[in-house]
Amino acid sequence: MGSPSREGHFRLWFDANNAILSPMNPSNQHRIAISLIAFAAFFPLVLIPGALFWKPGLIFDTELAQALELFQLFPKVLVLLLIGLLGMLSVREIRWREPFVFLLLSHLLLVLAGSLNARDDWSYVWLGPQRRLDGLLYHVSLVLYAIVAYQLLLKMPRLGNTLLLALFAGGSFQAVLALLQRLQLDPIGPLVKWSMYSNPVGSLSHPGMLAGLLLPTILLGIWLFTQQVSRNCRFLLLLGVFLSALALGASTNRAALIALIVGLAGLIWTHRTWSVLFLSGFAIVAVLCVQFIVPNRLGFTREYTATNTLESRFQIWALAYQSLGKIPGAPWIGGGPDAFRLALLRDPPVTDLLALTKLEFAWPQDARVSRVTVVLPPNEQRRSKYLQVEFEQFEGQSNIKQNYPITLDKAHNLWLDRLVAFGGLSMLLWLLLYLYPIWKSWKNRSLAWIWVLTALMVYYLAWFPVIGTEPLHVLIAAVAWASIRSEVSNAVRPSPN
């Protein structure tokens, strides 16, 4: 949000609390505002401790994964839906004609159209892919929650400052969890899945998802640092930036690193101060030097210099583009939340899937394939299909078979994922949701934090939205749109004199 003084200094907590606790605000809106602040800080920690329940038998690998969905993902959907529904009941007036609201509602209609076009079991349409749970129920929850957040931000403009600080605090806490995991001191894994994580993930179950949260955390921390005059606050912000940068380095997510560099370049260009330049350099050094600062007791070996991830991305994008030809009404109407995987299952492109499998599973140099068969076990649904690969030779062994399930369900690119799942119009809507605030605040120093959205767009070129982080990214977009709206309102408001 914009700085209220010419010098850009403000008392963050004082102003925010005045905005929220003012007697002019109805009590219901006050409670929803508090809920949003708590949501911004603690949403990644919403889970049910799996250790309280009987551990499922591991006859099949998917059983534990399904239990994790129950314990980690489904509670997040329910919390998101709860905030959205309660918020809709608490916000007295909803400005339906606001562009931000109109875009979100349009996206929801396209999600419904894509879901009807999916020709899929309605349990998958409502809940989404097994490992994602980002189906129709999730998108309804996401849209309701985002509309509520935007409406409250229009009524309480200074609430945005508190939300940004809460997002920073929540991201910093995830960084601490990830660094503890790198030291083999994981407090989350044993609680949820009965064993420690084998890589630094915080409470998000994957390093790439963790990186998607730490990226805006670092950028927001640096911007908040420029707005503070209190030495203690600056020290805490600097500590949070440092820990988040270390954890981002531990994730070794290349898309997030490139996105961070782009976002920091934007902050430097907008502010043009030595403090921002120093902090930006400090963050990059911390990302790249984590191996010298925090021991890698996990033995997590992925490196920034690895090329197999980028090669697999190119192959996945090509498969996503091919899948459009198997979706009725594409590219304007999508094939539902699990459209990508369904397209691969209905007509498996064996040669391309085999090439991707070889790359992702790092087959040895001596691997020679003699035969590939698409197998659907008797009395099983089509999602049980797998590639049965017969090898003449594999790691020195002869005549062996390996089974590879067809589980690819995301294009690893936000815009491609929206295109395949919900159509070209949905893809354009999400481009506009991110691009409009960036365009409107290109040189506005008081809104320099919106460079976070630029960084997120770069990150999403090689990643896809997930339940654990997308609602927080959408919240950042809502604050950005409300900030632009407030700037315009202040500019056209007549002078009291």
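**Close-ups: rings, charges and a helix crossing**

**View 1. A tilted phenylalanine pair.** Counting ring pairs with centres within 6.5 Å, this predicted model comes to 23 aromatic pairs. Take Phe391 and Phe394: their ring centres sit 4.6 Å apart with the planes at 50°, so this pair goes down as tilted. Phe391 is buried, at 1% relative accessibility. Phe394 is buried too, with a relative accessible area of 9%.

**View 2. A cluster of Trp, Tyr and Phe rings.** Here ring pairs tie six-membered-ring neighbours together into one cluster. Its members are Trp415, Trp463, Tyr434, Tyr459, Tyr460 and Phe464.

**View 3. Arginines over ring faces.** Two spots to zoom in on. Arg383 lies over the face of Tyr124, 3.5 Å from the ring centre. Over at Trp430, the ring face has Arg418 lying over it, and the distance to the ring centre is 4.6 Å.

**View 4. Helix 7 meets helix 9.** Helix 7 spans residues 159-182 and helix 9 spans residues 207-227. Their axes come within 8 Å and cross at roughly 125°. That angle falls outside the 65 to 115 band for roughly perpendicular and is not over 145, so the two helices count as oblique to each other. The crossing of helix 7 and helix 9 is left-handed. On the helix 7 side, the contact is made by Leu164, Leu165, Leu167, Phe168, Gly171, Ser172, Gln174, Ala175 and Ala178. Helix 9 brings Leu210, Leu213, Leu214, Thr217, Leu220, Gly221, Trp223 and Leu224 to that contact.

How values were computed
Residues are numbered from 1 along each chain as its sequence is written. This is a predicted model: local features need pLDDT of at least 70, side-chain atom pairs count only at pLDDT 80 or more; totals for chains, interfaces and linings use all residues. Side-chain values use heavy atoms; hydrogens and water are left out. Rings of Phe, Tyr and Trp (its six-membered ring) pair if their centres lie within 6.5 Å; planes under 30 degrees apart count as stacked, over 60 as edge-to-face and the rest as tilted. Buried means under 20% relative accessible area, exposed over 50%, partly exposed in between (1.4 Å probe, protein chains only). A charge sits over a ring if NZ of Lys or CZ of Arg is within 6 Å of the ring centre and within 35 degrees of the ring normal. Axes are lines fitted to C-alpha atoms, for helices over the stretch in contact, and angles run from 0 to 180 degrees between N-to-C directions. Helices (H or I, at least four residues) and strands (E, at least two) are DSSP runs, numbered from the N terminus. Angles under 35 degrees count as roughly parallel, over 145 as roughly antiparallel, 65 to 115 as roughly perpendicular and the rest as oblique. A crossing is left-handed if the near helix is turned anticlockwise from the far one by less than a right angle, and right-handed if clockwise. Contact means heavy atoms within 4.5 Å.
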